[in-house]
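This report covers a mixed sheet, the helices that pack on it, and one residue elsewhere in the chain.

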Amino acid sequence: MAPNLAANPQRHPSLTARPEWRALNAHCVELAKVHLRDLFAKDPARGQRLAVEAAGLYLDYSKQRVDAETLRLLVALAEACNLQARIEGMFRGDIINVTEQRAVLHVALRAPATERILVDGEDVVPAVRSVLDRMAAFSERVRSGAWTGHTGKRIRNIVNIGIGGSDLGPVMAYQALRHYSQRELTLRFVSNVDGTDFVEAVADLEADETLFVVCSKTFTTLETLTNAHAARSWCLRALGNDQAVAKHFVAVSTNARAVAQFGIDPSNMFGFWDWVGGRYSMDSAIGLSTMLAIGPGHFRELLDGFHAMDVHFRSAPLAANLPVLLGLIGIWNSNFLGAETVAVLPYDQYLQRFPAYLQQLTMESNGKHVTIDGNPIDYATSPVYWGEPGTNGQHSFYQLIHQGTRLIPCDFIGFVEPLNPLQEQHDLLMANLFAQSEALAFGKTTEEVMADGIADSLVPHRVFEGNRPSHTLLAERLTPYALGTLVALYEHSVFVQGTIWNIDSFDQWGVELGKALAKRTAQELASVSEPELDHDSSTNALIRRYRALREAGR
């Protein structure tokens, strides 16, 4: 049986009291006096030396404000926090999600059939492979036209209904891999309980050609079930027969009874497990819409990419480990250099939803205020992640990154080969990526500006301070495999940071309070008679104003 880490919680010394943390603080004071220009001048080979490659991903971290001593001290901190043991614990199936008493085994979702991964003494890999096989068989039936709707027409539209990890992962993956999708299929995604989301998603679709994939582990998620019932009503208005539900709805869930009550044949329910967190589930049955779009073969390539990064993360030395370096340098930027955000800047339009995906992965995982022991934290945890693709951001928010008063580390992501070659546009795109990271690092001095003949009054406006840190991630091509390695890289870097910060990266209690209050408030808004309100004065006033204006408009 996997060890229960909650039964005997380890009492860790305060992170900020550790000698390794104090050494980093002292080192930061000294390194703060050094500019990236100086670091590169001192070490002409720095650009080649501070780079690591694994699983087809090349990480250049030479433009980070670190030197050899910084990296040595960060690795020492990781060792003091038992990072390697925590990594092994996760892969072994230990209960590392302490507050929910669960193992954390998204790595099992992409493990090859030959591996054995135990949860409570049971090898979970055969069950994972069984679900994948069922997904593949179903996907082939839909993609080939063998699966037909209630009227006998083939399915041409797929609508994924979910929220959080049941939406952000599938929509990001579909957008990222659209180049590989079956273009005869239209994919839509509904997550927001705002009715506009559903109405616009189905506005130009025909019900007899539409399949809904309802993603809810418990089949009780309020937003998802609200949208699922809206879809059921929309479908039945057009098709007029309750039996049509079984031909136009499938479920990703574990609640067979609720699925059957909805009208979905439980044989068309694809399950997953409580050791799969929502934001780590895009390669589970939650990825059914992705598989429907790109096909089982490409989906297996996606899983292979995930697994390749898993193997690297588990086996590579900490100092040459991509997720470890990404995570530790993120801690350096956040906890020692004072950065509060990270900009994720993919130079590929297909990755337009990748920053939004990372927002949930990073901030829901590590946005915590107490340690795994329940003690208050006296240091910063997750920074804010945000970003936009390609050159769009350069004409939007890059001004702030270059010359603003906030330090914003950047992750640039690019690919050597374009999926859509169009004259010389890809070279121009990548030239912008390389130029932006160079400009952020080195800036432009007063002397350099003056040498351009700029008027004295404009010189201060044309100076770029530089010394703004960035990573650059390069892969050969945006393939399903490459996307898998990229997502797993960030998954594991989040885990690295959570380990150092001594927090539970796999629960999300912070989303519960608002959901509970919303259920109560929804009843008050729907009440026919004037409800007795006992919220704060602001919330009471807002509810009364909303009800009054709504009634006046009826």
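The text below describes a predicted model, taking the sheet before the single residue.

**The sheet**

Six strands make up an open sheet of mixed pairing, and their order is β1-β2-β13-β12-β10-β11. The edge positions are held by β1 (51-54) and β11 (384-386); each has a single partner strand, so one side of each is left without a neighbour in the sheet. On average, and with direction ignored, neighbouring strands of this sheet are turned by 15 degrees against each other.

At the β11 edge, the pairing with β10 (residues 341-346) is parallel and runs over three bridges. Within this part of the sheet, alanine 343 lies opposite tryptophan 386 of β11.

**Helices on the sheet**

Two helices that pack on the sheet are set out here, with the strands they touch and their direction relative to one of those strands.

| Helix | Strands touched | Angle between directions |
|---|---|---|
| α15 (residues 354-366) | β10, β11 and β12 (410-415) | about 165 degrees with β11 |
| α17 (residues 425-442) | β12 and β13 (470-475) | about 155 degrees with β12 |

Strand β12 is thus touched by α15 and also by α17.

**Glutamate 223**

Glutamate 223 belongs to helix α9, which spans residues 222-239. Which residues does glutamate 223 contact, leaving aside its neighbours within four places in sequence? They are Ile163, Ser191 and Val193. For serine 191, the C-alpha to C-alpha distance to glutamate 223 is 7.2 Å, while the two residues are 32 residues apart in sequence.

Notes: Residues are numbered from 1 along each chain as its sequence is written. This is a predicted model: local features need pLDDT of at least 70, side-chain atom pairs count only at pLDDT 80 or more; totals for chains, interfaces and linings use all residues. Side-chain values use heavy atoms; hydrogens and water are left out. Helices (H or I, at least four residues) and strands (E, at least two) are DSSP runs, numbered from the N terminus. Contact means heavy atoms within 4.5 Å. Two strands pair if DSSP finds at least two bridges between them. Axes are lines fitted to C-alpha atoms, for helices over the stretch in contact, and angles run from 0 to 180 degrees between N-to-C directions.
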